[in-house]
Amino acid sequence: GTLWCWKDPRGLLHVYSPEQAQRIALALDDGAQKELTMSVEGVTVKLDLRQRRQQSETEPPVESEIKEVPMSPSSAWSWQGSDGTWHAYSPEVLQSFQNAKAIGRTQLDVHVDGHSWTVDLCAMTQVDKKIGESHAVRGVPSTRNLVWSWRDQNEVWRAYSANNIRRIQLATSLRQQQLQIEMEGRAYDLDLHAMTQTCKQTQ
């Protein structure tokens, strides 16, 4: 996938919102529509899709380059609490990470658990902006495109439910090796290191 961005006078890339990016993509697919008008960061701008430029409706007008940037591979990011437990970021924060990596930024501000943090993707830390407390950050390859399944007694592979797949994905992203799930009215222990599952009622 790709991100649609614009470059400010300082040379920094800014990411259009998903809705704005969709409008740009639809206009380009249509072929006939070469100009768009939208509000970007509170300023009305006119986009020239043929020249890949945007111009603000300000005095004086500010011209910027429009770029299509390849998205970096998706990762499941998490941060380490004071007790050593790893916590998954929200989908909104994960999107911010992905956008930042795609346009080459190494620092960004996020809101987690009611606090404002500065995340450094090179140092792999997040620092509380108010009290200076620092926590480790990590990113592991996302497994969201994998279909998790199990093999029954007849040697037939069967997919887990969507809810159980989400739980397995979260556990693997946090590098947890053990997980308990319910399936077909029974409880199972999953060993994500040995890649086995055991029915608790038949142990």
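Contact here means heavy atoms within 4.5 Å. The exercises below concern a predicted model, in which local features need pLDDT of at least 70 and side-chain atom pairs count only at pLDDT 80 or more, while totals for chains, interfaces and linings use all residues. Residues are numbered from 1 along each chain as its sequence is written, and side-chain values use heavy atoms, with hydrogens and water left out.

**Exercise 1. Place Ala21 in the fold, and state which residues are in contact with Ala21 when its neighbours within four places in sequence are left aside.**

Step 1. Ala21 belongs to helix H1, residues 18-30, where helices (H or I, at least four residues) and strands (E, at least two) are DSSP runs numbered from the N terminus.

Step 2. Ala21 counts as buried at 18% relative accessibility; buried means under 20% relative accessible area, exposed over 50%, and partly exposed in between, with a 1.4 Å probe and protein chains only.

Step 3. With those sequence neighbours left aside, Ala21 is in contact with Trp4 and Tyr16. Leu3 lies 18 residues from Ala21 in sequence, and the two C-alpha atoms are 7.4 Å apart in space.

**Exercise 2. Describe the overall form of the protein chain, beginning with how many helices and strands the chain has.**

Step 1. The chain has 3 helices and 17 strands. Its radius of gyration is 22 Å, well over the 17 Å that the globule rule gives for 203 residues, so the chain is more spread out than a compact globule. That radius is taken over C-alpha atoms, and the globule rule is 2.2 Å times the number of residues to the power 0.38.

Step 2. Along the principal axes, the C-alpha trace spans about 75 × 50 × 25 Å, and 35% of the 203 residues count as buried.

Step 3. Among contacts between residues at least 6 apart in sequence, 35% join residues at least 24 apart.

**Exercise 3. For three of the salt bridges, identify the partners, the elements they come from and their exposure.**

Step 1. Side chains of opposite charge can pair when their charged atoms come close. The criterion is a side-chain nitrogen of Lys or Arg within 4 Å of a carboxyl oxygen of Asp or Glu, and the structure holds 4 such salt bridges.

Step 2. Arg53 and Glu63 meet at 3.2 Å, N to O. Arg53 lies in strand E5 (residues 53-56) and Glu63 in strand E6 (residues 63-70), so this pair ties together parts that are 10 residues apart in sequence. Arg53 is partly exposed at 31% relative accessibility, and Glu63 is partly exposed at 47%.

Step 3. Asp109 and Lys129 also form a salt bridge, at 3.2 Å from N to O. This pair links distant parts of the chain, 20 residues apart, with Asp109 in strand E9 (residues 107-112) and Lys129 in the loop between strand E11 (125-128) and strand E12 (134-141). Both Asp109 and Lys129 are exposed.

Step 4. In the salt bridge of Arg158 with Glu184, the closest N and O atoms are 2.5 Å apart. Here too distant parts of the chain are linked, since Arg158 is in strand E14 (residues 157-159) and Glu184 in the loop between strand E15 (178-183) and strand E16 (186-191), 26 residues apart. Arg158 is partly exposed at 32%, whereas Glu184 is exposed at 56%.

**Exercise 4. How many disulfides does the rule give, and how far is the sulfur of Cys5 from the closest cysteine sulfur?**

Step 1. A disulfide is counted when a pair of cysteine sulfur atoms lies within 2.5 Å, and by this rule the count comes to 0.

Step 2. For Cys5, the closest cysteine sulfur is that of Cys122, at 18 Å, which is too far for a bond. Cys5 is buried, with a relative accessible area of 0%.

**Exercise 5. Examine the backbone at Glu41, Asp113 and Pro60.**

Step 1. Glu41, in the loop between strand E3 (35-40) and strand E4 (43-48), has phi near 50°, a positive value in a residue other than glycine. Glu41 counts as exposed at 60% relative accessibility.

Step 2. Asp113, in the loop between E9 and strand E10 (115-120), has a positive phi near 55°. Asp113 counts as exposed at 63%.

Step 3. The peptide bond from Glu59 to Pro60 is cis, with omega near -5°, and Pro60 is found in the loop between E5 and E6.
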